[in-house]
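Welcome, and please open the model in your viewer. We will go from stop to stop, with something to select at each one.

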Amino acid sequence: MTWELSRFHQAVILARAYWLTGDTIYRQDLIDQWLDWVENNPCPYGINWTSSMEVSIRAVNLILSLLIIADKDKSISSIPRTLFNNIFEHGKYIIRNLEIGSKNGRIVAGNHLISNYSALTCIGLIFPDTSSAGDWLRIGMRGLNIEIERQVLPDGLHYESSIHYHKFVLENLLITGVLAEKCKIKLPLNYKTSVSRMCDAVVVLTRPDGQLPMIGDSDGGRLAVLSGYYLNRPDDNRDILALGAFLLDREDLRRLSKDNLGELFWLIGSGSFSTFLQASSMPSFSEYQNYKDAGLCVLRNNERKDFILFRTAWPKGECPTGHRHNDLLSIEIWLNGNPITVD
C-alpha cells in the first residue's frame, strides 16, 4: 500500500480532473500532494527510494500529469521549480541504480530494467534542453533497444514466463514509444516489430471473458492508469491495444480498441487525438498459435467463444525464473464462453 500510494497514479487523476473541469482546485491539490511527498521523502532515504522500478513508475506518472496540465494551460508555469528538481532527482537515482544483476558471468535483467530505461527516456523527452536529461534519453532508448533484443522472444512473448509481466513490459514500451514519436524521435524498426508481436500475443491470449490466463506471477501493477484508476478493470486489455494501434498505425488494433480510447487520449493530447481514425472492417486473427519459444499453445474459435491453452515448455537460455510458476503441462479450456477447466 505504501508503494502504490507513492507511485502517484493519483497525480494523473487530479490532472485529468483539472483538464476536464478547469477548476484549479485539482491542479493545486496535485501540487500540494507532490510538495508534501517531497518534504517527507528526501532522496534517497526511506522505503520509497529502495526500488528503482518504484522510482521509475512514480517519475512516469508525475511526467504524464505535467503533460496533461500543459495540454490544458499551454504551459507549465504554474508548477513550482521544486517539483521539476524532484523529477531530476528521480532521474539521478535511476541512472545510478539500474536494476541489472549477473549470474554465472551473464547479465540478468527483467521488467524492472525495462521500467528504468522507460523512465529515463520519458524524463529526457520532456526536458530535452538539459545536458543530463539528454544523456538519459540516449541511455534510455539504447537500453530499451538492447533489452527488447534480450527480453522479447522471437514469437513475441516476454521471456520471464509471466503473461502479466508481458503486458507490463508492453505497456512500458508503448507509452515510451508513443511519447518518443510525439517528440519526433524515430523508433528503430526492431522496436516496433517486437511491440507489434507483443500486441498480437495479447490479442490471441485474451480469453472469452476478456482476461489474460494466469501464467506466471501477477501483482496487478501498472506503469500508468490513464483511463481511470478505481474504475480500471484488469480484465480489459483493449486500452493498451489502442496505444499499439496509434504507435504502429495498425487498422486491426484500431478496430479492436475503438471503444477504449481513454488511455490514448490522455497520452497523445487533444490536438493529436482527432487524427486517430477507426478502421471499417473487423480484424481477423489466427485461431491457432503455437508460441514455441515461450512454451504456450492456443486454440480458439472467436465466434463460438471457445479457448484452449496448453503450457508446453519454458523459454530456453538464461531467462529470469523469479516470476515463473511450476505450471508445465497445465491446461485451460473455455467452451461457449464458459470456463470448463482452469488449471
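In what order do the five strands of the open sheet lie? Keep in mind that this is a predicted model. The order is E3-E4-E5-E6-E7, and the pairing is antiparallel.

**Stop 1: the sheet and its edges**

Select residues 288–291 and then 338–342. These are strand E3 and strand E7, the edge strands, and each pairs on one side only. From one strand to the next, the twist averages 10 degrees. As background, strands of a sheet pair through backbone hydrogen bonds, either parallel or antiparallel.

**Stop 2: from E3 to E4**

Stay with E3 and add strand E4, residues 296–301. Four bridges join E3 and E4 in the antiparallel sense. To see one facing pair, pick asparagine 290, which stands opposite cysteine 297 in E4. E3 and E4 form a hairpin with four residues between them. Click on glycine 295 in that turn: its phi is positive, at about 85 degrees.

**Stop 3: from E4 to E5**

Now add strand E5, residues 306–311. How many bridges pair E4 and E5? There are six bridges, again in the antiparallel sense. Valine 298 is a good residue to show, standing opposite leucine 309 in E5. The hairpin of E4 and E5 has four residues between the strands, and lysine 305 there takes a positive phi near 60 degrees.

**Stop 4: from E5 to E6 and on to E7**

Select residues 331–335, which make up strand E6. E5 and E6 pair in the antiparallel sense over four bridges. Show phenylalanine 310 and you will find isoleucine 331 of E6 opposite.

Move on to E7, which pairs with E6 over four bridges in the antiparallel sense. Isoleucine 333 has threonine 341 in E7 as its bridge partner. The hairpin of E6 and E7 has two residues between the strands. In its turn, asparagine 336 has a positive phi of about 55 degrees.

**Stop 5: a helix across the sheet**

Which strands does helix H9 lie across? Select residues 189–205 to display H9, and you will see that H9 lies across E3, E4 and E5. H9 runs at about 55 degrees to E4.

Next, add helix H10, residues 238–248. H9 and H10 pack at an angle of about 150 degrees, with their axes 10 Å apart. Their crossing is left-handed. To light up the contact, show Lys192, Val195, Ser196, Cys199, Val202 and Val203 of H9, together with Leu241, Gly244, Leu247 and Leu248 of H10. By class, the residues of this contact are seven nonpolar, two polar and one charged.

**Stop 6: helix H3 and its partners**

Select residues 24–40 for helix H3 and residues 81–96 for helix H5. The two pack at an angle of about 55 degrees, with their axes 10 Å apart. H3 and H5 are therefore oblique to each other. H3 passes H5 in a left-handed crossing. On the H3 side the contact is made by Ile31, Trp34, Leu35, Trp37 and Val38, and on the H5 side by Thr82, Leu83, Asn86, Ile87 and His90. The contact of H3 with H5 has seven nonpolar, three polar and no charged residues.

Keep H3 on screen and add helix H4, residues 52–73. The axes of H3 and H4 come within 12 Å and cross at roughly 150 degrees. These two helices are therefore roughly antiparallel to each other. The crossing of H3 past H4 is left-handed. Show Arg27, Leu30, Trp34 and Trp37 of H3 with Arg58, Leu62, Ser65, Leu66, Ile69 and Asp73 of H4 to see what makes the contact. This contact divides into six nonpolar, one polar and three charged residues.

**Stop 7: a pair of rings**

The structure holds 10 aromatic pairs. For one of them, select phenylalanine 88 and phenylalanine 127, whose ring centres are 5.2 Å apart. Their planes stand at 45 degrees, so the pair is tilted. Phenylalanine 88 lies in helix H5, while phenylalanine 127 is in the loop between helix H6 (111–126) and helix H7 (131–151), so the pair ties together parts that are 39 residues apart in sequence.

How values were computed:
Residues are numbered from 1 along each chain as its sequence is written. This is a predicted model: local features need pLDDT of at least 70, side-chain atom pairs count only at pLDDT 80 or more; totals for chains, interfaces and linings use all residues. Side-chain values use heavy atoms; hydrogens and water are left out. Axes are lines fitted to C-alpha atoms, for helices over the stretch in contact, and angles run from 0 to 180 degrees between N-to-C directions. Angles under 35 degrees count as roughly parallel, over 145 as roughly antiparallel, 65 to 115 as roughly perpendicular and the rest as oblique. A crossing is left-handed if the near helix is turned anticlockwise from the far one by less than a right angle, and right-handed if clockwise. Contact means heavy atoms within 4.5 Å. Ala, Val, Leu, Ile, Met, Phe, Trp, Tyr, Cys and Pro count as nonpolar, Asp, Glu, Lys and Arg as charged, and the others, Gly among them, as polar. Two strands pair if DSSP finds at least two bridges between them. Rings of Phe, Tyr and Trp (its six-membered ring) pair if their centres lie within 6.5 Å; planes under 30 degrees apart count as stacked, over 60 as edge-to-face and the rest as tilted.
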